Amino acid sequence: MAKRIDVSGLSAFYGKNKAIDDISMTVEPGSVTAFIGPSGCGKSTFLRTLNRMHEVIPGASVEGKVLLDDENLYGPGVDPVAVRRTIGMVFQRPNPFPTMSIYDNVAAGLRLNGISRKKDLDDIVERSLKGANLWNEVKDRLNRPGAGLSGGQQQRLCIARAIAVEPQVLLMDEPCSALDPISTLAIEDLIRELKERFTIVIVTHNMQQAARVSDRTAFFNLAAVGQPGKLIEIDETERIFSNPSVQATEDYISGRFG
Amino acid sequence: MDTPSRSEHTPSPPDLVTPPGLTSPQTGLAAASAASGRARLGDRLFAGASKGSGILLLVIMAAIAVFLAVRATVAISANEGNFLTTFEWNANANPPVFGIAVLAYGTVVSSIIAMVIAVPVAVGIALFVSHYAPRRLAQPIAFVIDLLAAVPSIIYGLWGALFLVPHLTGLNLWLDEYLGWTVIFDKTNPAATPRSLFTVGILLAIMILPIITNVTREVFLQVPRAHEEAALALGATRWEVIRMSVLPFGRSGIISASMLGLGRALGETMAVATVLSASPVLTAHLLDAGGGTFAQNIASAFKEANDMGRDALIASGLVLFVITLLVNGAARLIIARHKEYSGANA
Amino acid sequence: MSTVTTRPADTAAPLPEGLKQRRLPSWAPLGIAVVSVAAAVGAGMLFGLQSKVQWGLIAALLFVAVSFALASAVEGRRQAKDRLATSLVWVCFLLAVVPLASLIWTTVGQGSKVLDGYFLTHSMAGLLDIQPGGGIYHAIIGTLEQVGLATLIAAPIGLLTAIYLVEYGKGTLAKAVTFFVDVMTGIPSIVAGLFILSFWLLMLGFDYSGFAGAMSLAILMMPVVVRSTEEMLKLVPNELREASLALGVPKWRTITKVVLPTAVGGITTGLVLAVARIAGETAPILLLVYGAPYINNNPFEGAQSSLPLYVYQQYVNGNAASYDRAWAAALVLIIFVMLLNLVARGIAHWKAPKAGH
């Protein structure tokens with residue numbers, strides 16, 4: 001299922017303001033890639049261009065190419081709805097549908113795709129909740145509102161919802177920033193398990209987290225205040241944290257700025 | 001996110017006043033306590049006046065109920081007909097014979113027609129402004145709808161009677177011809193001018209559209225982005241996003257807006273009085289002229305009413321008052337019950 | 001490829017592989033709309049349908065149905081549903097715009113026929129209903145006096161009640177006031193008229209007067225003033241109150257010198273909007289002011305008129321000359337109410353915090 005992403009010459013805009021400038025990179029299939037960098041460097045914006053979520057913000061636009069196994073997401077005739085179904089996303093704050101039960105939250109994406117047989121739904125909901133390490137905690141209260149769970153459970157519910165539709169890539173936008181350390185560990189464990197089935201891209205503010213979960217790390221930075229964000233380098237996580245090839249990366253990682 | 005009507009009023013702080021005690025040339029404890037005595041008196045007066053106003057409001061509400069009830073009792077005890085079931089309204093006669101059956105039926109039916117038309121359309125327009133319209137158009141459209149909510153009802157009535165009625169003749173014939181078998185759209189006299197409850201319902205729908213739209217739109221604009229993005233990221237189309245996150249979030253808002261509109265429709269006087277050709281008939285044929293509503297009957301029959309006639313009209317007004325109270329109360333209950341769903345954890 | 005590929009029932013993961021989707025061209029909605037309107041006009045002329053209402057409905061139905069059918073055929077079920085929703089939302093918008101635009105258009109077109117200086121400065125005294133001529137001077141006087149008196153009564157009570165609710169109110173009384181202010185907002189205007197009728201005219205024995213009408217308008221205005229003032233007072237940050245109280249300023253001076261000036265823009269906006277709302281009320285005026293055709297400058301004695309009541313009376317007269325007068329008075333009334341609304345918005349805009357304040 002996991003697919004490879006090739007980005008070339010990608011820039012994103014909010015109105016006339018360029019937020020990220022001319023980014024090219026490759027995300028390997030079946031791996032975890034972490035995006036790190038100071039606030040406002042455009043790493044979240046870049047992440048959102050990978051499943052065409054950037055353009056839902058009024059006035060936002062994108063230039064460049066994103067190839068998913070040779071198919072350009074921004075090519076003519078490509079339906080953004082189909083793109084988002086293929087490339088799932090988990091957000092910074094857990095956002096389960098407040099009016100839906102735990103079960104319905106996980107089933108939401110499946111129902112959109114026309115799966116309505118009770119048995120199919122039951123199977124996939126159970127499989128997805130197990131995949132998100134949440135099954136044991138909620139199996140007795142599937143019909144309770146998803147909003148009643150703790151923050152960490154809600155985030156795992158959102159992950160279950162995202163993987164239920166069997167995406168090929170899973171994008172995570174600082175998935176642990178609103179969670180306590182124990183919930184964070186649970187999510188990190190989950191990420192390591194999920195990478196066998198999905199290509200995972202994760203934006204994080206936490207460099208230890210990047211070091212713990214990712215295979216490759218990309219460092220983003222601003223050229224200057226008011227300038228668009230740029231990709232500084234991308235490499236094996238180990239190399240980025242031990243021996244980066246760019247001075248700015250080393251400065252950032254060693255805490256000298258950012 | 002932009003929530004216009006609230007943010008644009010945000011007041012700006014004035015310079016803090018210097019307290020009188022500090023500028024006063026007097027010094028010492030005596031002066032200070034004298035000042036504080038004055039302050040206490042001022043405080044008491046001011047607090048008393050504001051509390052008194054609140055109580056006055058309650059008194060007015062109670063007085064409305066009491067005064068209407070007193071006059072109504074006079075009329076109802078003299079009534080030779082059955083107040084609830086009699087069709088005719090001969091309150092000036094001796095003995096007086098009147099009943100509210102026709103009025104209650106007309107009020108409810110015309111309001112139901114208005115709601116059936118106005119609520120879906122208003123939700124549609126609210127969605128149009130909040131989620132579909134090009135961004136540059138959305139603000140001006142919202143502004144115009146705001147202004148339209150302020151158009152006096154007599155003007156809707158004038159337009160309804162002189163413009164809408166003749167333009168609905170064709171539609172009436174059509175409904176009669178193709179949907180006549182449903183009985184409600186069967187017009188007994190196809191040639192008659194359509195001054196019917198159906199026309200009144202359409203006019204009321206047009207009148208309450210702006211108010212329902214405005215309230216609903218404000219709620220839709222408050223839907224947290226996170227809920228919408230959750231649906232988008234699952235690969236939902238725009239309609240699916242609306243169905244999964246916007247409508248559930250906005251449900252209690254839609255209900256309260258509709259109740260607001262319903263209250264207006266039930267009590268609307270002038271637009272009904274100008275359009276409806278009233279008569280004491282109670283018929284399921286909505287396209288037939290005739291029938292009446294509480295408010296319309298009061299306005300139309302008032303000029304010719306004698307003392308008993310006025311008391312009878314007041315009695316019917318009391319019923320209208322109670323109905324609107326019930327609708328308001330129901331709206332508050334529904335909103336309170338749905339509060340936990342309104343995305344409180346957003 | 002299409003998304004609605006049928007697949008065997010046993011595969012649980014049913015997701016289409018391709019990202020490409022057959023789509024209708026971007027000009028399709030416009031094209032369908034043009035074709036629908038053309039077809040509706042054609043059908044209307046062919047079958048001799050008298051009313052444009054039918055033409056419009058045919059066009060709307062055609063537009064919705066054709067968009068849905070085309071989208072189902074080309075793009076699949078989900079996209080078709082999305083198109084259906086989009087076209088319905090657009091149709092709703094147009095359905096609403098057409099009558100509302102027609103209302104304004106008709107009022108302006110019909111109203112400008114007899115609206116001139118003479119119309120504004122003369123009354124109907126000595127004129128038969130069927131005669132052309134006459135004017136609305138007496139009605140303008142009546143409206144201004146009644147609305148002015150109503151504001152004088154309702155504004156202080158409304159303001160003080162709002163101050164009570166925000167600054168003092170706690171406990172059962174405040175809850176009761178809040179609840180009944182809500183309830184009062186929903187009182188039909190004719191009921192307010194009936195109340196003053198039974199209280200002022202029938203019990204106390206006073207005669208029809210502008211003041212009686214003003215009292216009923218005040219009842220309608222009070223809850224509106226309370227609501228809008230309450231909202232504005234709640235926006236005043238608590239730090240301001242605390243800063244003033246900490247300086248030893250008594251509470252009532254804190255309210256009058258700090259809280260109210262801070263919120264004055266929003267409060268005024270609310271007041272003006274409330275005035276605009278009652279200026280168009282007809283029903284209670286009909287019961288209490290009676291509607292005199294001559295000029296009566298004294299609102300405390302004898303029948304008066306008012307603009308909305310004048311419109312109604314001229315409509316009821318039912319002849320060409322009186323219809324013209326009704327439209328002209330309606331136009332004046334609409335302009336008056338719209339001006340008040342614009343003024344209110346102007347105040348709100350002018351008092352709103354500027355960027356970088």
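Start by selecting chain B: of its 346 residues, 50% count as buried, where buried means that 20 or more other C-beta atoms, placed from the backbone, lie within 10 Å of the residue's own. This is a predicted model, in which local features need pLDDT of at least 70, side-chain atom pairs count only at pLDDT 80 or more, and totals for chains, interfaces and linings use all residues. Residues are numbered from 1 along each chain as its sequence is written, and chains are lettered from A and ligands numbered from 1 in the order in which they are written. For the complex, the predictor gives an ipTM of 0.87 and a pTM of 0.86.

**Stop 1: chain B**

Colour chain B by secondary structure. The chain has 12 helices and 2 strands; helices are DSSP runs of H or I with at least four residues, strands are runs of E with at least two, and both are numbered from the N terminus. Read from the N terminus, the order is α-α-α-β-β-α-α-α-α-α-α-α-α-α. Of the contacts in chain B with a separation of 6 or more, 74% are between residues 24 or more positions apart. A contact here is a pair of residues whose C-beta atoms, placed from the backbone, lie within 7 Å.

**Stop 2: where chain B meets chain A**

Now show chains A and B together. Their contact takes 18 residues from chain B and 21 residues from chain A. On the side of chain B that touches chain A, helix 8 (225–233) and helix 9 (238–267) each supply at least two residues. Select helix 8 of chain B before moving on, since the largest share of that side, 6 residues, comes from this helix. By class, the side of chain B that touches chain A has 9 nonpolar, 6 polar and 3 charged residues. In this scheme Ala, Val, Leu, Ile, Met, Phe, Trp, Tyr, Cys and Pro are nonpolar, Asp, Glu, Lys and Arg are charged, and the others, Gly among them, are polar.

**Stop 3: the strands of chain A**

Select residues 5–247 of chain A, which the unreviewed UniProt entry annotates as "domain: ABC transporter". Such annotations may be inferred rather than shown by experiment; their positions follow the numbering used here, and feature names are shortened. The span is 35% helix and 27% strand, and its end C-alpha atoms lie 27 Å apart.

Within chain A, pick strand 3 (residues 32–36), where 5 of 5 residues are buried. A:Val32, A:Ala34 and A:Ile36 lie on one side, with A:Thr33 and A:Phe35 on the other. Strand 3 of chain A pairs in the parallel sense with strand 8 (residues 199–203) over 4 bridges; strands count as paired if DSSP finds at least two bridges between them. In that pairing, A:Ala34 stands opposite A:Ile202. Strand 9 (residues 216–222) of chain A also runs parallel to strand 3, joined by 4 bridges, and the bridge partner of A:Ile36 there is A:Phe219.

Next take strand 6 (residues 87–90) of chain A. Both of its faces are covered: A:Ile87 and A:Met89 are buried on one side, A:Gly88 and A:Val90 on the other. Strand 6 pairs in the parallel sense with strand 7 (residues 169–173) of chain A over 4 bridges, and A:Met89 stands opposite A:Leu171.

**Stop 4: chain C**

Switch to chain C, which has 13 helices and 0 strands. Its radius of gyration is 29 Å, well over the 21 Å that the globule rule gives for 357 residues, so chain C is more spread out than a compact globule. The radius is taken over C-alpha atoms, and the rule is 2.2 Å times the number of residues to the power 0.38. Along the principal axes, the C-alpha atoms of chain C fill a box of roughly 80 × 70 × 40 Å. Of the residues of chain C, 50% count as buried.

Colour chain C by pLDDT, the predictor's confidence in each residue, from 0 to 100. The average is 87, and 93% of the residues score at least 70. Over residues 1–16 of chain C pLDDT stays under 50.

**Stop 5: helix 12 of chain C**

How many residues of helix 12 (residues 307–317) of chain C are buried? The count is 9 of the 11, so helix 12 is largely enclosed by the rest of the structure. Among them are C:Leu307, C:Tyr310 and C:Gln314. From chain B, helix 6 (153–179) and helix 10 (270–275) pack against the buried residues of helix 12 of chain C. Helix 5 (137–168), helix 11 (283–288) and helix 13 (320–351) of chain C do so too. End at C:Gly318, just after helix 12 of chain C, which takes a positive phi of about 70 degrees.

Technical notes:
A residue is buried if 20 or more other C-beta atoms lie within 10 Å of its own, exposed if 12 or fewer, and partly exposed in between; C-beta atoms are placed from the backbone. Two residues are in contact if their C-beta atoms, placed from the backbone, lie within 7 Å.
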